[in-house]
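Please read the following explanation with the model open beside it. It goes through the structure one region at a time.

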Amino acid sequence: MSYPLTAAQSLRGDVTVPGDKSISHRAVMFGALADADTHITGFLMGEDCLSTISCFKKMGVSIDVSEKEVVVHGVGLHGLKAPDELLYTGNSGTTTRLLCGILAGQPFSSTVNGDTSIQKRPMGRIMKPLREMGADISGKDGNLCPLTIHPAPLHGIHYTMPVASAQLKSAILLAGLFADSPTTVVEPAPSRDHTERMLRGLGAQVVSNGTEITLTPPKALHAVNVEVPGDISSAAYFLVAGLILPDSDIVIRNVGINPTRTGILDALEAMGANIERLNERGTVEPICDLRVRSSHLHGTTICGDMIPRLIDEIPVLAVAAAFAEGETIIRDAQELKVKESNRIATMTAELSKTGADVRETEDGMIIRGDKPLHGANFASYADHRVAMSMAVCALACEGDSSIDDPDCVAISYPTFFETLDALKQKGE
């Protein structure tokens with residue numbers, strides 16, 4: 001089944017994007033390990049986060065889900081129960097990797113597996129430090145799902161991470177909750193810090209010194225209510241759409257602007273984007289409204305420490321580059337090869353269908369923009385970020401387009417196409 005996409009004159013209106021996926025995952029996980037009930041508002045009801053809920057229900061955690069909120073009835077640090085069946089994580093790399101950190105410290109055996117995409121994604125990166133902590137974890141062909149974890153005593157370690165990865169860092173810190181001594185991780189560059197912020201909010205001692213983070217194992221985690229801000233990764237599609245379509249003016253409400261996640265704002269502003277931050281607020285996680293208006297973009301270079309701060313937004317950033325004047329270079333982004341799809345290859349292939357001048361490199365892309373692009377029949381590769389990025393691209397292309405498997409956007413943004421259509425109607 002394919003979804004028809006038509007060009008738009010402009011986009012106008014207000015948008016409230018779904019809750020932040022990273023924070024939604026962690027709110028459920030930490031809430032399950034807390035000593036009382038956690039009330040979560042703004043929770044992302046996407047398939048990935050629902051996979052996290054499913055896994056913890058299988059381990060004896062009672063979780064109530066309604067339109068208003070998600071309530072996690074915490075069982076305490078040592079209250080999880082052995083699951084009677086496989087822990088299925090669907091398409092969620094975050095669920096899979098963070099869950100392994102928690103399971104490594106449990107007194108029961110468990111098996112974790114996901115869909116065909118997850119079964120191809122490498123897990124050796126988290127298995128190595130967990131084994132150094134004493135974990136008994138094994139996988140198919142050495143580093144693939146399904147993963148089997150058996151009980152083993154855990155010890156704190158000092159681990160220098162080979163790459164800046166919030167999932168890797170979080171898996172180690174979560175295992176550190178159950179270790180017999182403090183655990184320290186050292187990042188090559190800052191990655192998203194939602195885990196550290198939330199653990200501190202629940203009373204754990206987490207000390208950050210530059211890119212070095214040390215967790216002292218707590219006796220308990222104390223439940224707090226969590227307000228999940230809008231996901232800046234979801235906001236990114238409307239930011240780029242508003243920039244590349246003429247006479248557009250969009251306000252995106254309640255967006256999380258954690259400094260470890262705002263690389264997309266920095267990159268777009270370096271390209272000449274007109275983006276305003278309005279009504280800044282928030283304590284544990286900073287929040288604001290973002291206003292974006294049509295802008296004449298120019299090429300830039302995106303690399304180094306900025307990459308971990310916008311890794312999920314690179315597909316739609318590539319779309320912005322295709323409509324920018326001059327050359328945009330994206331490098332140091334090898335991590336894109338092991339996402340839901342090889343996003344370097346898939347975005348190069350799909351943008352090329354429009355006539356865009358884009359070249360794949362070993363660690364990124366080189367894109368020369370500012371020429372008319374035409375519509376095409378796009379493939380999504382069952383990758384929600386590729387699907388939404390190409391939908392944004394289609395808005396500014398001449399002629400009609402379509403995209404296959406549009407339902408994959410439900411992973412992170414179930415109402416994406418409806419929201420896009422509403423902005424198009426107001427812009428007509």
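Gly272 has a positive phi of about 100 degrees and sits just after helix α8. Helices here are DSSP runs of H or I with at least four residues, strands are runs of E with at least two, and both are numbered from the N terminus. This is a predicted model, in which local features need pLDDT of at least 70 and side-chain atom pairs count only at pLDDT 80 or more, while totals for chains, interfaces and linings use all residues. Residues are numbered from 1 along each chain as its sequence is written, and side-chain values use heavy atoms, with hydrogens and water left out.

Helix α8 itself covers residues 263–270, and its buried residues are Gly263, Ile264, Leu265, Ala267 and Leu268. Buried means under 20% relative accessible area, exposed means over 50%, and partly exposed is in between, using a 1.4 Å probe and protein chains only. The buried residues of α8 pack against α7, β16 (274–281), β17 (287–293), β18 (301–302) and α9 (314–322). Contact here means heavy atoms within 4.5 Å.

Asp266 also belongs to α8, and its side chain meets that of Arg309 in a salt bridge at 2.8 Å, N to O. A salt bridge is a side-chain nitrogen of Lys or Arg within 4 Å of a carboxyl oxygen of Asp or Glu. The pair links distant parts of the chain, with Asp266 in helix α8 and Arg309 in the loop between β18 and α9, 43 residues apart. Asp266 is partly exposed at 27% relative accessibility, whereas Arg309 is buried at 18%.

Two strands that α8 packs against, β16 and β17, are also linked by a charged pair. Arg291 and Glu276 form a salt bridge through their side chains, at 3.9 Å from N to O. Arg291 lies in strand β17 and Glu276 in strand β16, 15 residues apart. Arg291 is partly exposed at 26% relative accessibility, and Glu276 is partly exposed at 29%. Elsewhere, salt bridges that share partners join Arg121, Arg192, Asp312, Lys339, Glu340, Arg343 and Asp383 into one network.

The whole structure holds 26 salt bridges. One of them joins Asp231 to Arg261, with the closest N and O atoms 3.0 Å apart. Asp231 lies in the loop between β14 (226–227) and α7, and Arg261 in the loop between β15 (249–256) and α8, so this pair ties together parts that are 30 residues apart in sequence. Both Asp231 and Arg261 are buried.

Aromatic rings come next. The structure holds six aromatic pairs. Rings of Phe, Tyr and Trp (its six-membered ring) pair if their centres lie within 6.5 Å; planes under 30 degrees apart count as stacked, over 60 as edge-to-face and the rest as tilted. Tyr237 and Phe416 form an edge-to-face pair, 5.8 Å centre to centre and with 75 degrees between the planes. Tyr237 lies in helix α7 (residues 232–244) and Phe416 in helix α12 (residues 416–427), so the pair ties together parts that are 179 residues apart in sequence. Tyr237 is buried, with a relative accessible area of 1%, and Phe416 is buried at 0%. Both rings belong to one aromatic cluster, formed by Tyr3, Tyr237, Phe238, Tyr413, Phe416 and Phe417.

An open sheet of four strands has the order β6-β7-β9-β8, with mixed pairing. Two strands pair if DSSP finds at least two bridges between them. The edge strands, each pairing on one side only, are β6 (87–88) and β8 (136–140). Strands β6 and β7 run parallel and are joined by two bridges; Leu87 has Val112 in β7 as its bridge partner. Pro146 lies in strand β9 (residues 144–150), and a cis peptide bond with omega of about 5 degrees joins Cys145 to Pro146.

Asp115 follows in the loop between β7 (110–113) and α4 (124–132). What is the nearest side chain of opposite charge to Asp115? That side chain is Arg121, 7.0 Å away, and Asp115 is buried yet has no salt bridge. Lys and Arg count as positive and Asp and Glu as negative, with His and the chain ends not counted. The side chain of Asp115 reaches the backbone nitrogen of Ser117 at 3.1 Å.

Note on methods. A polar contact is a pair of N or O atoms within 3.5 Å; within protein, one must be able to donate a hydrogen and the other to accept it, and residues adjacent in sequence count only if both atoms are side-chain atoms.
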